[in-house]
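This report describes the fold, the sheets and the nonpolar core of one protein chain. Please keep the sequence and the model in view while reading.

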Amino acid sequence: MKTNYIYLVLLFFMMSLNACQSQESPQKEQTKKENIMSNKEFKVIKSEEEWKQSLSDEEYFVLRQAGTERPHTGKYNMHFEEGIYLCNACKEPLFESDTKFDAHCGWPSFDKAIKGKVVEKLDRSHGMTRMEILCASCGSHLGHVFNDGPTETGLRYCMNSVSLDFEEANETED
Ligand SMILES: [Zn+2]
């Protein structure tokens with residue numbers, strides 16, 4: 001009888017141990033994923049000192065320190081020319097002008113990125129959970145993506161003008 005009791009206690013102990021473990025593991029899994037993302041190797045690798053030298057103070061603040069430009073101040077907010085928007089740090093093409101729309105939010109907005117040109121990273125800063133958008137080529141911060149887009153993709157890539165450069169479409173091409 002006594003042996004049975006000990007056995008039972010031991011069984012309970014094992015079960016509670018298991019419960020703890022299964023509660024813990026999803027979180028561990030998440031942290032692991034985030035680490036992989038932040039350790040992602042980018043094609044263009046420069047030291048922060050090199051970035052500081054090639055970018056203006058404002059560009060460095062947004063692109064390399066994940067800053068945000070003030071709304072309605074960026075040069076591409078109300079810019080609707082035909083062409084391609086590039087990463088302002090490494091000049092890789094990111095967005096086509098026909099995916100740009102006026103989201104009335106004060107920042108240039110797109111409903112789709114050029115395939116493979118941006119990567120997403122979970123951002124829990126400022127007490128919010130948002131999906132940060134980085135340039136897939138150099139890892140610079142571009143902005144965030146939200147699921148409230150008005151077009152059929154349902155996405156709103158809310159970008160900083162400072163993070164973008166623009167290449168006008170070549171008129172002789174058509
Ligand atoms: Zn880039």
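Two strands are said to pair if DSSP finds at least two bridges between them. Helices (H or I, at least four residues) and strands (E, at least two) are themselves DSSP runs, numbered from the N terminus. The model is predicted: local features need pLDDT of at least 70, side-chain atom pairs count only at pLDDT 80 or more, and totals for chains, interfaces and linings use all residues. Residues are numbered from 1 along each chain as its sequence is written.

**Overall arrangement**

The chain contains three helices and nine strands. Along the sequence these elements follow the pattern α-α-α-β-β-β-β-β-β-β-β-β. Of the 174 residues in the chain, 24% are buried; a residue is buried if 20 or more other C-beta atoms lie within 10 Å of its own, exposed if 12 or fewer, and partly exposed in between, with C-beta atoms placed from the backbone. Two residues are in contact if their C-beta atoms, placed from the backbone, lie within 7 Å. Among the contacts in the chain with a separation of 6 or more, 55% involve residues 24 or more positions apart.

**The six-stranded sheet**

Strands of a sheet pair through backbone hydrogen bonds, either parallel or antiparallel. Six strands here form an open sheet in the order β3-β4-β8-β7-β6-β5, and the pairing is antiparallel. Its edge strands are β3 (100-101) and β5, each of which pairs on one side only. Strand β5 (residues 118-123) is joined to β6 in the antiparallel sense over six bridges. Within this pair, Glu120 stands opposite Ile133 of β6, while the bridge partner of Lys121 in β6 is Glu132.

The hairpin of β5 and β6 has six residues between the strands, and His126 in this hairpin takes a positive phi near 55°.

**The three-stranded sheet**

A further open sheet, of three strands, has the order β2-β1-β9 with antiparallel pairing. Its edge strands, β2 and β9 (164-168), each pair on one side only. Neighbouring strands of this sheet are turned by 35° against each other on average, direction ignored; the axes are lines fitted to C-alpha atoms, for helices over the stretch in contact, and angles run from 0 to 180 degrees between N-to-C directions. Strands β1 and β2 run antiparallel and are joined by three bridges. Leu86 has Pro93 in β2 as its bridge partner.

**The nonpolar core**

A nonpolar core is a set of buried Ala, Val, Leu, Ile, Met, Phe, Trp, Tyr and Cys residues joined through C-beta atoms within 7 Å. The largest such core has 24 residues, and those with the most contacts inside it are Leu94, Val118, Cys135, Tyr157 and Met159. The elements giving two or more residues to this core are α3 (57-63), β1 (83-87), β2 (93-96), β6, β7 (141-146) and β8 (156-159).

Cys135 belongs to strand β6 (residues 130-135). Cys135 counts as buried because 26 C-beta neighbours lie inside 10 Å. Apart from neighbours within four places in sequence, Cys135 is in contact with Cys87, Ala89, Cys90, Glu92, Leu94, Val118, Ser140 and Leu142. Its C-alpha atom is separated by 9.4 Å from that of Gly116, 19 residues apart along the chain.

Leu94, with the same kind of sequence neighbours left aside, has contacts that include Tyr85, Leu86, Cys87, Val118 and Cys135.

Cys87 lies in strand β1. With 25 C-beta neighbours inside 10 Å, Cys87 counts as buried. Not counting residues up to four places away in sequence, Cys87 touches Glu92, Leu94, Cys135, Ser137, Cys138 and Ser140. The C-alpha atoms of Cys87 and Asp165, 78 residues apart along the chain, are separated by 6.1 Å.

**Loop residues with positive phi**

Most residues other than glycine have a negative phi, and most peptide bonds are trans. Ala66 has a positive phi although it is not a glycine, and so does His126. The table sets out the two residues.

| Residue | Phi | Loop | C-beta neighbours within 10 Å | Class |
|---|---|---|---|---|
| Ala66 | about 55° | between α3 and β1 | 18 | partly exposed |
| His126 | about 55° | between β5 and β6 | 7 | exposed |
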